[in-house]
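Here's a quick briefing to read with the structure open beside you. Take a look at the picture first, then work through the points below.

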Amino acid sequence: MWYEILPSAFIITAALGLPGWGLYHIHNLYLGNHYRRSLDDRWDRMLYQRDTRLVNDAYTVLGLENLPDK
């Protein structure tokens with residue numbers, strides 16, 4: 001019958017969904033937030049380093065009023 005496929009469907013769904021769900025929480029434990037920036041491109045790495053240098057946290061969204069005047 002049609003319900004005989006349900007155990008297999010649940011196993012496949014769990015095998016595909018658990019890694020993404022787990023990474024969401026591992027990033028929270030390791031990075032202190034649930035998000036990860038992609039540092040594949042040189043431009044993205046430069047922006048990450050700039051944000052870290054200016055506000056000591058690359059994941060905090062700050063406006064221009066919070067940047068130091070030099």
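Of the 70 residues in this protein chain, just 6% count as buried. Keep in mind that what you're looking at is a predicted model. The secondary structure is quick to list: two helices and zero strands.

**Overall shape**
- How does the radius of gyration of the protein chain differ from that of a compact globule of 70 residues? The globule would come in near 11 Å, but this chain has 20 Å.
- Put a box around the C-alpha atoms, lined up with the principal axes, and you get roughly 75 × 20 × 20 Å.

**Surface and charge**
- The chain's accessible surface adds up to about 6,500 Å². Carbon and sulfur atoms account for 62% of that area.
- There are 7 positive and 8 negative charges on the chain, and the mean positions of these two groups sit 10 Å apart.

**Helix α1 and a residue on it**
- Helix α1 covers residues 6–31, and L29 is found in it.
- Is L29 buried or exposed? It's exposed, because its relative accessible area is 74% and the cut-off for exposed is over 50%.
- L29 and L64 are 35 residues apart along the chain, and their C-alpha atoms are separated by 29 Å.

**Helix α2 and what follows it**
- Helix α2 runs over residues 42–55, and here's a neat check on its length. At 1.5 Å a residue, its 14 residues should span 20 Å, and the end C-alpha atoms are indeed 20 Å apart, so the two values agree.
- L54 has its place in helix α2. With 34% relative accessibility, L54 counts as partly exposed, because that label covers values between the 20% cut-off for buried and the 50% cut-off for exposed.
- L54 is 29 residues along the chain from H25, and 27 Å separates their C-alpha atoms.
- Just after α2 comes N56, which takes a positive phi of about 60°.

**The salt bridge**
- How many salt bridges does the structure hold? The count is one.
- The partners are the side chains of R50 and D51, which meet at 2.8 Å, N to O. That passes as a salt bridge because the cut-off is within 4 Å.
- The two partners get different labels for accessibility: D51 counts as buried at 15%, whereas R50 counts as partly exposed at 36%. D51 gets its label because buried means under 20% relative accessible area.

**The segment after α2**
- Where does K70 lie? You'll find K70 in the segment after α2.
- K70 counts as exposed, with a relative accessibility of 96%.
- Now compare K70 with N28: in sequence they're 42 residues apart, and in space 34 Å lies between them, C-alpha to C-alpha.

Key
Residues numbered from 1 in each chain as written. Predicted model: local features only at pLDDT ≥ 70, side-chain atom pairs only at ≥ 80, totals over all residues. Heavy atoms only, no water. Helix = DSSP H or I, 4+ residues; strand = E, 2+ residues; numbered from the N terminus. Rg over C-alpha atoms; globule rule 2.2 N^0.38 Å. Buried < 20%, exposed > 50% of the residue type's maximum accessible area, 1.4 Å probe, protein only. Areas by Shrake-Rupley, 256 points an atom, 1.4 Å probe, with all protein chains shown as cover. Lys, Arg positive; Asp, Glu negative; His and termini not counted. Charge placed at Lys NZ, Arg CZ, Asp CG, Glu CD. Expected span 1.5 Å × (residues − 1).
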